[in-house]
Amino acid sequence: MDVAIFLQTIVNGLMMGGVYALIAVGLTLIFGVMNVVNFAHGEFVMLGMVLTYLLHAFLGMDPGVSILLVIPVMLGVGALVQKGLISRVIGQPDEAQILLTLGLSVLLINLALLFLGPDYRSVKTGYKFSVWAAGPVLFSVPRLLAFVVAMAFSGILWLFLTRTDLGKGLRAVAEKPEVATLMGINPKKMHALAFGIGISLAAGAGSILSPFFYTFPSVGGMFVLTAFVVVVLGGMGNIPGAILGALAIGVTESLTSQYVALDLAMLGVFIIFVLVLVFKPSGILGKGKVY
Amino acid sequence: MTNQGESANGVLLELRRVTKSFGGLTAVDNVSFSVRRGEILGLIGPNGAGKSTIVSLVMGVYQPNSGDILFQGKSLLKLKANQVVEKGICRTFQVEKPLLNMTVAGNVLIGALLRTADRKEAREQSRVIIERVGLGHVAHMLAKNLTVQDRKRLELARALATRPTMILLDEVMAGLTPTEIDQSLRLLRKLREEGVTILIIEHVMRAIMNISDRIVVLDYGKKIAEGGPGEIAHNPAVVEAYLGKKGVRNE
Amino acid sequence: MSTSPQEHSGWTRYAPWILLAVILVFPFILPSRYLLRTMVNIFFFAALGCAWNIIGGYAGQLSLGHAAFMAMGAYPTALLLLGYNVPPWLGFIPGVVVAVVMAFLLGHMVFGLRGPYLALSTLAFGEIVRILLLHFRDQTGGSLGVTIPFKGTDAWKLQFASEQPYYFICLALLGLCLYVTYKVHGSRMGYYLQAIKENQDAAENLGIDLANNKVRALMISAALTALLGAFYVSYFYYIDPDSVCGVDLSIKILLVAIIGGVGTVWGPIIGACILIPLTEISNYLFGSGRAGASLIIYAIILMLVILFSPRGLIALLPGGERSYRHE
C-alpha cells in the first residue's frame, strides 16, 4: 500500500471533515437546545452557497469575505424561520417537526430550482486550483482554507457557549429548560438564537464550500444525511462529539471512495449510520437519547 | 383466573435478592419478598426508596443486575413488558398514559383484545369493566378530556381488561378526595374477592394501612421491614425512615 | 362522540355507490386520453398512499424511504420482462418477496428507534438502495435505467395501446389497497397499531408486542408498494434509480396520505385527488419543464396541513371525524 496515497486520503478526509463539522455542529446545537431535528439543514448550506455565488457573480466578492456577510444575514433569517414556523411545532409529537422541516426542505430546494434553474454553477476564485505541498501530501488550497475557517468558527462557537452569558443561557435551556425559565431566561428567545446560529453556521459552511463544490439546488441533500450521521455518531446535542464525529466521517468517506469505489463513498457513511443506530444509538461519545 | 405453576404455599410473585443499579446509584439493593395468591401487599417507603423501580423490574422494563424474579414459579427475567402482561401481570402508571385520541371504551377495548380477538366479546368485557370501575358515564368521552380521577380509573380499567392474575398499582390514590379513596378501596377489595392479587404502592398511608394484608417497607433501595399493618406502624426503623425524610403524605 | 350508521341520511348512503358507478363508466363516456392518464395517476398515487398509510398512518412510523420498496417491485419485474419475457403479472412475485423480506429485516433493525431517528434510518435505507441500484449498472442499467420496448398491444405482457385497460387494472389495484387497509383498520392489529401510535409505553403494558406489530405492518405495506412498482413498469415503460427510488417519490407518497388523512381508509384517496390535479395545474401554469413548481406547492400544502390540520384534510370534511377510529 502506497503510504503517500494513504496519507493523502486521510488528509483529504480531514479537510472535508472540517466542513462537515461546521454543518453538524449547527444541527446538534439546534437539537440540543430545541429538541428539533432539522431536516432542512442541508438546504441552508445550499442557501449559503447560493448567496456566496450571487455575491461573487454580481459583486466579485471572494467567498472568504462574503462569509462575513452570509453568517449574520442567515442568523437573522434563521431566527425568523424559527419564530414563524418551527416554534409552532415545539412540544408536538415528533411527526409534526419531522414533516414540517421536511416540507421546508422541499420548499427551499424547489424555490432555488425555480429561480436559479438546475444548472450546476461554480465560484471561480483565483486560488481555486492552487495547491500547497507539505512533504508527500498535497493540500488543495481552497479545501485547506475551508478546513481552517470551519474549525475556527467551530472554535468560536465553543467559546461562545462556554464563556459568554448568552451561550450559557443556551446551554441552560438545552440541559434544564425548567430551571432556565425560573432563572429568567426566555426559552423562546434562546430557541430563536439557537436555530439562527445553527443554520447560519450551515450557510457559512456553504460559503467556504463554494470555491471547490458545485452549487445547485439539491446540493444540500448530500450534506444533510452526512450531518445527521455525524450528529448521531457524536451524540445528539454533543458539540465536541459532532466535531470529532465529523472528522471521523470525513476520513471514512475518503477512505471508502479511495479504496472501495468512488460512487460508494456515501454508502460507507450510511452503513456506519445504520450500525451506530442499531448498536450504539447514544453515539460513540454517548449522552444522546435515541429510544 | 389462571392457576398454573404456583409454588405449594401459594406464592405468586417472588423477588429473590434483586439488585438494580443505575450507574453509581443502587436503586434496589438485595430485596427479597413474595406476594401470595389472593393477598394485597403494600409497598411503601419514602420518595426514591426504589418502589417504582421494583415495578419496572417486574415488568421487564429493566433487567436486575443480580437476583431473580419469579412468577408462578417461572423466571420473568429477559421477558419484555408485553410478554409479562401476557403472562398475567399488569401495571398502572403513576403518571397516567391514556390513549388520548381514543375514547374510554376504546382504551379499555385494547386491553381486552389481549385475551380475545373477537371484538364483540372484547367490547362486552370492556363494558362490564367500565361500569365496575365507575366510568360508565364517560364511556364515550375521549380520554384526553377526562378528569385526573377518571384518568386513574381508566388506568385501572385498562389493566383489568387484560384479565390479569396480578395487578401492580403505582400510586393510584394520589390526588383523590377521602370519599374517592374509600370508593377505590371498596373496588380493590371486590377485586381481591374475585381472585386478583394486588401489589399496591402508595404514599397515602390511610389507604394502604386499610387495605393491605401485609406491607413491605423500602428505604434507600433496601427492605427495612415486612409485616402486617399494625406491626409496621409501630416499627421504629420505619418511623425513623419516614420522619428523617421529606416527601411523606399522611392522611 | 358516538358514531352511528343511522346518521347517514338518504343520499349520502348512496353517494359512494354512485361515485363508483361513475368511475366505472367514465372511460367509456369520456375517453379523453389525457383525462384517463390523470385518473390513472390519481388511482396509482392513492394506492401508494394507502400502502404507506398502513405503516406511516396507522402505526405512526414515518417511512421516508418507501420508494425503495417500489423499486424492489419494479426492477425484478422489468428485468424479467426484458430478459426472459416473463409477464408482469408473474414477474411481480419475486419483487414482492424481496420487498417483504427487506421490510422484515429493516423493521426489526430500526423500529426500536424514536421518531426522528426512525425517519432518518428509513431515509438512509432508501438512499442505500438507490445508490446500490446505480452502482450495479451491469445488472440494473445504472443511471440509464431499464427501458421496456412497446411493440403494440400485447395483453399477455400487459401492454396496451389504449388507456382503458390500464385504467381498470390500476383501479383494481387501488381497490386491493383499500380492501387491505379496511381489513387492517378493523382488525385487532389495526387497534394495536393505533395504540402503538398513541402511546407506545401504554401499548406495551397492554400486552402489545411492539416490534412484531410494526414489522407486520411494514411487511404488508412493502408488499403492496412493490406490487404497485410492478404496475409502474407496465404503465410507464421506463425505470431508473431516481424515478423509482428517489427521495422525491418517497415524499410524494407520504404526502398523499398525510394531506388526506393519516390512519383513515379514505384519506389517501382524498390526498391523491388534491395532489395530482394540482400537479397538472402547476405543470400547465408553469410548464412541465419547471418541475420544481409542483413540488413547491406540495411543500406548502404539507407545511400548512402540519401547522393547521395535522391529522389530514379529511378531518375538515363534514363527517370526516368519523373516519378516524376513536371507538
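In this predicted model, strand 1 (residues 11–22) and strand 2 (residues 25–36) of chain B form a hairpin with two residues between them, and B:Gly23, which lies in the turn, has a positive phi of about 60°. The two strands of chain B pair in the antiparallel sense, and eight bridges join strand 1 to strand 2. One of the pairings can be named residue by residue, since B:Lys20 has B:Val28 of strand 2 as its bridge partner.

A positive phi also appears in chain A, where A:Asn35, the residue that follows helix 1, has a phi near 60°. Helix 1 of chain A runs over residues 3–34, and its 32 residues reach 45 Å from the first C-alpha to the last, which is close to the 46 Å expected at 1.5 Å a residue. This helix is mostly covered, with 23 of the 32 residues buried.

The chains also touch one another. Chain C gives 35 residues and chain A gives 32 residues to the contact between them, while the contact of chain B with chain C takes 24 residues from chain B and 18 residues from chain C. On the side of chain C that touches chain A, two or more residues come from each of helix 4 (88–110), helix 5, helix 12 (247–260) and helix 14 (291–308). On the side of chain B that touches chain C, helix 2 (81–87), strand 6 (89–91) and helix 3 (104–112) of chain B each supply at least two residues. The table sets out these two sides by residue class and names the element that gives the most to each.

| Side | Largest contributor | Residue classes |
|---|---|---|
| Chain C, touching chain A | Helix 5 of chain C, 13 residues | 26 nonpolar, six polar, three charged residues |
| Chain B, touching chain C | Helix 3 of chain B, five residues | 13 nonpolar, seven polar, four charged residues |

Helix 5 of chain C (residues 115–135) also takes part in a helix crossing with chain A. Two packed helices are described by the angle between their axes and the distance between the axes. Here the axes of helix 11 of chain A (residues 265–279) and helix 5 of chain C come within 10 Å and cross at roughly 145°, and the crossing is left-handed. Among the residues that make this contact are A:Phe270, A:Phe273 and A:Leu277 of helix 11, together with C:Tyr117, C:Ala124 and C:Ile128 of helix 5. By class, the contact of these two helices has ten nonpolar residues, one polar residue and one charged residue.

Note on methods:
Residues numbered from 1 in each chain as written. Chains lettered and ligands numbered in written order. Predicted model: local features only at pLDDT ≥ 70, side-chain atom pairs only at ≥ 80, totals over all residues. Axes fitted to C-alpha atoms, helices over the stretch in contact; angles between N-to-C directions. Left-handed = near helix turned anticlockwise from the far one by under 90°. Contact = placed C-beta atoms within 7 Å. Nonpolar A, V, L, I, M, F, W, Y, C, P; charged D, E, K, R; others polar. Expected span 1.5 Å × (residues − 1). Buried ≥ 20, exposed ≤ 12 C-beta atoms within 10 Å, placed from the backbone. Pairing = 2+ DSSP bridges.
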